[in-house]
Each structure stands twice: as C-alpha cells, then as structure tokens.
Amino acid sequence: MYFPTSAARQLCTVPALPDAKSEPLLCIEPSPRRSLFCALTRSQLTVWRVRPSAPLAYLARSEMSLNKHGDNLAASWSPDGSRIVIQTSHPYLVLVTVEYVPEISAYHAPEIAQGAQRKFLAGPGEAQALQSLSLAFEGVIRTEGHVISVLACKHYMIFSTTSPPAIQRIPWPAYDDSDSGGHLVKKSFGGCNTWILNEEEVPWLVDPDVTVTEIQQPAAGVETWITSDGRVYVVRLQESKNSDSTCDEGDAIGFGETSSLQEGHSNSRSEHQHHWQGTCVHHYEVPRWVQKSRRVERGDSGRPTYVDPRRATRVAVNVKFSLIAVGTISGNVEFATFPIPGNASQPEAVEVPNSSNRPRGEVLTMEWSSDGYVLAVGWQHGWGIISIGGRCLASNFGADGNLDKGRLQDLFMHGARDLFWGPGNFELVALPNPRPTKTDGQIFILPFAKSATTSQLSPDNTRYAFLQLDDRALVYRGADQPDMSVINPESDVWQHIKIPQPYLASNWPIRYSALSNDGRLVAVAGRRGLVHYSATSGRWKAFANFDQEQSFAVKGGLLWFHHVLIAAIEMAKSYQIRLYSRDLELSDQNALYCEAIASPVVILSLVDNSLLVYTADNMLSHYLIVPTSDAIRLHYCGSITFNGVIAAPSTVRVLSWMIPSAQKQFGDPADDLAVATVLLMVGGQLVLLRPRKACFYPGNQEVKYDMQIFADRIEFCWIHLRGIGALENSLWGYDGRGLRVWLNALTMESPSSTPHRIKESVNIPLDFYPLSVLMDKGIIIGAEPELIARNSLSFVIFRQATSSHLFLHHILRVYLESGQVQEAVQLAAQYQNLVFFAHALEVLLHVIVESEDPGGFSPNASLSAVIEFLDHFDVALDVVVGCARKTEVTRWRRLFNVVGNPQKLFETCLSTGRLKTAGSYLLILHNLEQLGESNEDVIRLLRSSLDAQDWQLCRELLRFLHSVDDTGVALRHALVETGLSVEELQP
C-alpha cells in the first residue's frame, strides 16, 4: 500500500550564516502538526519547514552555556508547538520558546531585472508564504539526577533520571502580568512530583532495579516506558483522594479498553496522591544463571551485562489498529496487540527479506504513519517499511550489498537513526548515521506512492488499482485491456493523472481520493476544497472562486454516484453532505443538494442507491438517493446507534450492508436498517453484524445483532455483492501474507448469538502486495517495489512493478475437494472465454497432482473430482498433457490411472483433429514405453499433419523420430511410409 518512488531529496543542513558551525546532526523532531521540524546539533537548533523544505529559524548556544549546562542531546516539542525542550549531557533542561510571526515572510525574493523576470510556478504546498518565526531561550531547569528521556505534555513535562532512578514531573513555567505593568513575570514552579523506581512506589515493575530509558505518549493519558532491562510497559498516571480515581487528560487507551481521564496540575504538598499503574507488554525470561549472579554494571549506555536478544530499544504504538511494535537490540521487530485483562497476546516477529544476509544491527527508530497502515523502521545498517500485517513493503536489504559507500550519496541506505512521516504520509524524512567526513546534506526526504484506500476504503476505490502520489493519481487500466495485457508485467497499463498545480499549491497534501464505478471519474480533496477529473474529456474542474474553495474541507470521504459527486464536508464547525454534478462548474451555487448533519462524518458508503453515513456520535444513517428529471436529492430513511457494539467510532474503516431480497422488492426503505446485515472493519478486525428479531417499544425500535468475526489485522478488504456465479456475496481480505476469501460470507447463517469466528474458505498466498481483484478476469493485481542501485549512480532509484496472480484455480480447488463438482463447473464456465483459461485449469491439476503422496498408487478422490470437472470443457485433453509435461515422470502413472490410458487420449486427439495436442501425447507414450518399435502412431500423426499442411508440426515430428533413434532408421522409415522428401519441408 506504501511504495517508495522516484529518488530521495537531500537537504543542505549547514545554515548559510557567517558564524554557523558545521556539526553532525543528533536528531530531527517533527512539530505536533508535522508542518515543521527541528534539527539539533551539539550546540545549534534549526527549525525547518517541511514543504517547501527550508530553514525558518536558527539558534546557537554559547560556549559558556555548553560548558555549564552540557551539550545538546535531544529535543522535544510541546503539544501546542510553542516550546522546544532540549535535553543536555548535564542534569539540565534548556527551554526554547517558538514565536510565530505570520505577517512577516521568512524569505524575500531578490529584485530581478525587468527583462530577465520569470514566472515560477509554486509546487505542491508552496503557495503559502514562508511564515517567519523566532527562537529565544526561555530558561534552564536544573534536574535532580541525569536526564535520560523527556516527554512534553500539555501542562507539564515528564522525564526519567538516573541517580536516583526516578520519574519526575514538573509543570511548564507560568507567567503573570497582573502586577508588573504589562510585563510578563515568571511564577515559581509548583506541583513537582518525583517517583522513585522501587518496589514500594512502582510495584508492578518486573525488575525494580532499572531506569526508564524512553518515555512516549501515544494517546492522551497513556504512556509507554522502555526500561533499561529491555522491557516495555504501558502506564498511566492516576490521582487518588482517599480512593483511586483517575485524573489525567482525555480519553485513554488503558489495558485494552477506553477510560475517561481528566488532566490537571498536581501539587505534591496537597492531600492528593499520585501513583503510576502499568502492565508489561514486552517481556522475556532471563536465564536462571543470570538471575542468580546478575549484577547491573552501568556504563554510558546504562545496559546490564547480560543482554537478551529480545531486549527492547524502541517502541511505537498504533492506536488506530491497537498494535504495539517493539524494536529489539538484535534487529527484530515484534508486533503485539493491546493488553486485555486475562488474555495475554503473543508477540509476532516480523520477517524482513534479506537474501544477502546483510547485518541489520539494532533498531534505532520507529514511527507509524498517521493513518496507522505502515511502520517506518530505522536500523543501525538499514531502513524498512512494514505493514500492519507484518509484510515488509520496502527496505534497503534488497539492494546490492557491494554498493560503493564512498560514492553513494544516499546515506540512509546504510542506516537511519531518526525518521518521521511528513504531512499526508507522502514523504519520509530520514536522518542517516553520521559520517565523520560529511556534516552537510544529512537529511533525506524519500517520496512515497500509497494506495488511495489508505484514506478511503470504498468498494469503488478497490475495483481498480488506484495509487495516490504527491502530485498525481495513478489508475490501473489493465482491466479495460485484452487478457494478455493484464498478465504481461511489461505492459504499461497505468494512467498518470496530474492534479492541477494551482489547487495543489494551496491545498497540499491530498487527503481523500475517489474513483467512480467505471473508473472514468476521479475526485481528490486536499486541505481545503476539492477538484474532479473526467478521463473521457481529460479535463479537471475546480472552484473558480478561491474563497468558496477555502470555505470548507472534506471530512469523511468522497463518493461517485454515476456523474454526481457526494462529499462529506466541514464548514465553520458545521457538517454537511453536498452533491455536485460533473457536468456543472464547481461553485456553491451549482451544488445540487445539501444535507445538514449533526456530527462529523467518519465514513461514507454507497450500496446501489442507498447512501450510508456513519458519524462520530456512533450513529449509522440511511439515505436514499432520489434522482429526478431536473434534480437529485437525499431522502432520509432512518438511523440506528451502535452504542455497545463499537467502542471507538473513529476506528471504523469499512462499512457496507446487504438487504434481504424480499425487503428490496416489497419492504419499506425505512425498515432497511432493522433487517440489514452490516459489514464493518473496525481497526483491523473484519466483523459481520447480523440482526436478530427486532424488539419494538412505543416510539422506539431496538435491533440486536449476532456478531461474526472473520479475521483480525486485515489491511484491506474487497466486497463483491455482485460477483460472478459462486463469487457473489464473497468477501476478500488481505492480512499481510495472503488473500483470505470467504465465499457467501454475507449469507452465512449465524449458529449462535455469542460472538464467534468464521474461518476463511480459501487462503491465497501472494508474493506481492494486492491492490485490486479483477473479478471478471480471475486475476489479482498488485505491485511490488523495485530498487535500482548501480555503482555508476550516486543515488538510488525506486519504482513499482505491476504483478498479477490467477485466483480461479484456488476457488475451484475448494469446491472440488469438497465434492461440489457441479458448482465448480458453473463457476469455471463464466471464465472459459479467457485466453488463459486453459492455463488456469492446468495450474489447478498440477497443484492437485503435486499434493498427492508420490508413494501411493490408488486414485485420490480430489484428483478424480478434478478429472471429472475437466471433462466438462473442450480444453481437457490439452490441460492433462500440459500438466503431465510439467510434472515429474514418477507421477505420470498415478495421473493416467485416473485420467485414462494415454494411448486412448492420443487416439481421441487424432480423431478430433487436435494434431498439436496429439504430438504432445507422443512424448508421454514414449516415456511410458507405450510406443511401438515401428512408430506407427508417429507415422499416422505425420500423415495427418501433411494433410493439414501443418509444416511446423511435421518438422517437430521428424526431430522427435531422430531423437528416439540416433541411427536414422526410424526417420527414413517414416519418410518412406509417408512419401515425404526433405526438400518439401524446406521453407
């Protein structure tokens, strides 16, 4: 779903100032909104803008400050972006204020002579002026003990220390101008807290003799700790007053559940008491000999003498998919789900392909994309992108290990110690390992192409492979091409659609992309407004009025209903669903219809003419799209709440339903919600809600559901309500390893009222990432990244290669192994006109034959079912001989024991005029020693080939006779018998 593309950009990191020092970068840290980032060196701090990539402010510490307070080590932004906290090598924290000056531009264009003046077009996100900002030292905080890690929260800072090993919390400095004549006066610090890491204050630690080496806050009210013994904990701070009652900020993801916490200042001198509550989410067993003799010897790294391979170095929490990623000192990355009381999850190690067996080193940095789909990992000797299902989408380990390190400028190819995703996740900013001889150009920005389904997983977006780049959309057109073009990897079947430069310059990054059902209409929405495109005319349409475009933002998605674009928007803290026509110019006056709603839209879904709207208040609303001769409108049919079913509405990614046929024909649309089977993907869990009998109350209708869980950690799913034959109502889900298919998933009966899991009907392993299922061609289309690195190039080039895989034989095998031959015939009949239909059946037969026990000689039931199935199609004889020629000779006798005597099959081919197929059977007869010494079968086929004037087959038969008899006797005998001369075969 995420693929690196093009080549990385390299930023000049030495400030163009007379007194600026050229120092290696220590870290890069993005601002809370990801529009800025700071770069830190030993003595300097530079704040950059992400797009366009340019430095906005620079601050250097004096030598006196460095000697007294220590060198810079790390930097953290406050949640509001107004401060930067710098951690130093001495027990001090340096506070830097960030003041934004929007009315002043950071750069001024030089005067250009009138005759030489040129007009430069702004690139994506470059239309807005470079907002100026200033950095200033606010103060220095002396800490009790050496600071290891700092977490900047909304009202306070939390940091861990050594000597003593503790967790400390202090509020941000407050100012008061009431008694100072308008000047700000700093108030004294209050409410400082310290928790010593021991068995009394933190009893839930596995080993209390540790320090906390890293603190993160993945969600409000919840933190993650990595301790010096390599364990990971999920913790939260609780405040109690004579009883335990939570007191922290926001909604917290506790131990597998959501709790409401309120944040406020705490004072250690008050009667309130604070304590940490936590659980270990990454644990390993220490050998007994270490438990008896272990002595923790702390050096600069603070690591114990015994280092377990599973010792954690980094942790990244994915709230959207309830995943915890842990990077270890051995270089492994492990995935685990959120802890649930009484249900311990087993960690799963991610496999990173490394054919050259190159060393990875320990994990230095990790970060999830903002949509939660992929994890960027930086190792000591490389980098990689991993999906939530554990599939490695890209890495440097696929490159040639003999690259010239001295010539290669892309230093991140040899390791990344810090990285973060830019706005929209279209770019990955990476800081490579330091090189002593190179202190400039230390930051690299790698562009990415991502599937449009990462922002909106709708059926139309999955019907075609649809990729979104920084400045364009890529639509797969192979579905409209001849069959052979689909399976040919060299075919150029991608249409590149450039997004209009004026819109992209002002509204980058793109947040939503939508494709119509026929793939001809495209709509995209960025930071504000929207634009749409028609492949028929090749033209874009945008708002002519800039103010109207900037007055709203798309929040919740875009959908096409024929030529009408449906958009969920937010405007001035109100929420609407608007309808625009492709045939009209974009403007507020030309909006076809506008429906006000009370809550933000989470997801839109379209099934026939029913529009499903799921909102943040956990309500599912049903609208009918009612077109007339001169207008179109939405008719509200009803709504239903999912309280008690869905805990976090923001995690819903897929929404669809199926209405019983009787309700469609005779029922009232207002009752559709009460009888519909609802399909949801909540986080990575694929769930089907089947309604029970409704309970009616005066003025109220309550619907209860039976829940069926299909799978966890599903990355994408394809819903086929109108599939082909037996594939109708099928459900396809990709879990990072293969495609899992549930046949008739939406019509399965629920055996019980308690939640239960449904095993897939088929599991199709794939060696590439799927993007679309071409149901009418029986093919899965996907992409895999390619890395081009040559010693003649100083940089690396990335691109995507299109891949395909036949799925028909996987589905047929399920039916045949269960004895449903007629169902398999009915399904295969839908595809028999495809060019590669015979190849698909040949693959099916080959898989069955190869799966048999070579030592067994009795006909197998599944093999018999396949042969019975093949007899329904004219290509059966070609399929059998094609499979046999690709199978080991030791398996032939078992195969033909079921299929029949190959001599009879040869006779059938000869009598029906299938001469080339009969020629293939000659090889089978020869290897099975069923050809007579006179070669009469070859001579008969040669006569038929002469009659048909198939000269190519005649040449091949003569070569065959020469190969079976080196003396030439058989060849001369055949020439005499057929009256053929060699001259007749000359071209």
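Let me begin with a term: a residue is called buried when its relative accessible area is under 20%, calculated with a 1.4 Å probe on protein chains only. With that cut-off, 55% of the 987 residues of this chain count as buried. I should state at once that we are looking at a predicted model.

The overall composition comes to 19 helices and 63 strands. As for how the chain connects to itself, consider contacts between residues at least 6 apart in sequence: 57% of these join residues at least 24 apart.

I turn now to two loop positions. The first topic is P509, which sits in the loop between α5 (501–507) and β38 (512–515). Is P509 buried or exposed? Its relative accessible area is 9%, which is under the 20% limit, and P509 therefore counts as buried. Leaving aside residues up to four places away in sequence, P509 touches P423, G424, F426, G526 and R527. In addition, the C-alpha atoms of P509 and R528 are 9.7 Å apart in space, with the two positions 19 residues apart in sequence numbering.

The other loop position is Q550, found between α6 (546–549) and β42 (553–561). Here the relative accessible area is 18%; because the limit is 20%, Q550 is likewise assigned as buried. Which residues does Q550 touch, if those up to four places away in sequence are not counted? They are N507, R527 and R528. Q550 may also be placed relative to S506: the pair is 44 residues apart in sequence and 9.3 Å apart from C-alpha to C-alpha. Please note that R527 is a contact of P509 and also a contact of Q550.

Let us proceed to the helices, beginning with α11, residues 837–851. This helix has 15 residues, and the distance from its first C-alpha to its last is 22 Å, close to the 21 Å expected at 1.5 Å a residue. The buried residues in α11 are F837, A840, L841, E842, L844, L845, I848 and V849. On the spacing of such positions, an α-helix has 3.6 residues a turn, so residues three or four places apart point the same way. What covers the buried residues of α11? The covering elements include the strand β63 (797–806) and the helices α9 (808–817), α10 (821–829), α12 (861–870), α13 (876–885) and α14 (892–899).

Next, a helix pair: α15 (residues 902–911) and α16 (residues 915–927). Their axes come within 8 Å and cross at roughly 160°. Since angles over 145 degrees fall in that class, α15 is therefore roughly antiparallel to α16. The crossing of the two is left-handed. On the α15 side the contact is made by P902, Q903, L905, F906, C909 and L910, and on the α16 side by L915, T917, A918, Y921, L922, I924 and L925. By class, the contact residues of α15 with α16 divide into 11 nonpolar, two polar and no charged.

The final pair is α17 (residues 936–947) and α18 (residues 951–964), whose axes come within 9 Å and cross at roughly 160°. These two helices are therefore roughly antiparallel as well, and their crossing is left-handed. From α17 the contact draws on V938, L941, L942, S945 and L946; from α18 it draws on W951, L953, C954, L957, L958, F960 and L961. This contact comprises 11 nonpolar residues, one polar and no charged.

That concludes the presentation. Thank you.

How values were computed. Residues are numbered from 1 along each chain as its sequence is written. This is a predicted model: local features need pLDDT of at least 70, side-chain atom pairs count only at pLDDT 80 or more; totals for chains, interfaces and linings use all residues. Side-chain values use heavy atoms; hydrogens and water are left out. Helices (H or I, at least four residues) and strands (E, at least two) are DSSP runs, numbered from the N terminus. The expected span of a helix is 1.5 Å times one less than its number of residues. Buried means under 20% relative accessible area, exposed over 50%, partly exposed in between (1.4 Å probe, protein chains only). Contact means heavy atoms within 4.5 Å. Axes are lines fitted to C-alpha atoms, for helices over the stretch in contact, and angles run from 0 to 180 degrees between N-to-C directions. Angles under 35 degrees count as roughly parallel, over 145 as roughly antiparallel, 65 to 115 as roughly perpendicular and the rest as oblique. A crossing is left-handed if the near helix is turned anticlockwise from the far one by less than a right angle, and right-handed if clockwise. Ala, Val, Leu, Ile, Met, Phe, Trp, Tyr, Cys and Pro count as nonpolar, Asp, Glu, Lys and Arg as charged, and the others, Gly among them, as polar.
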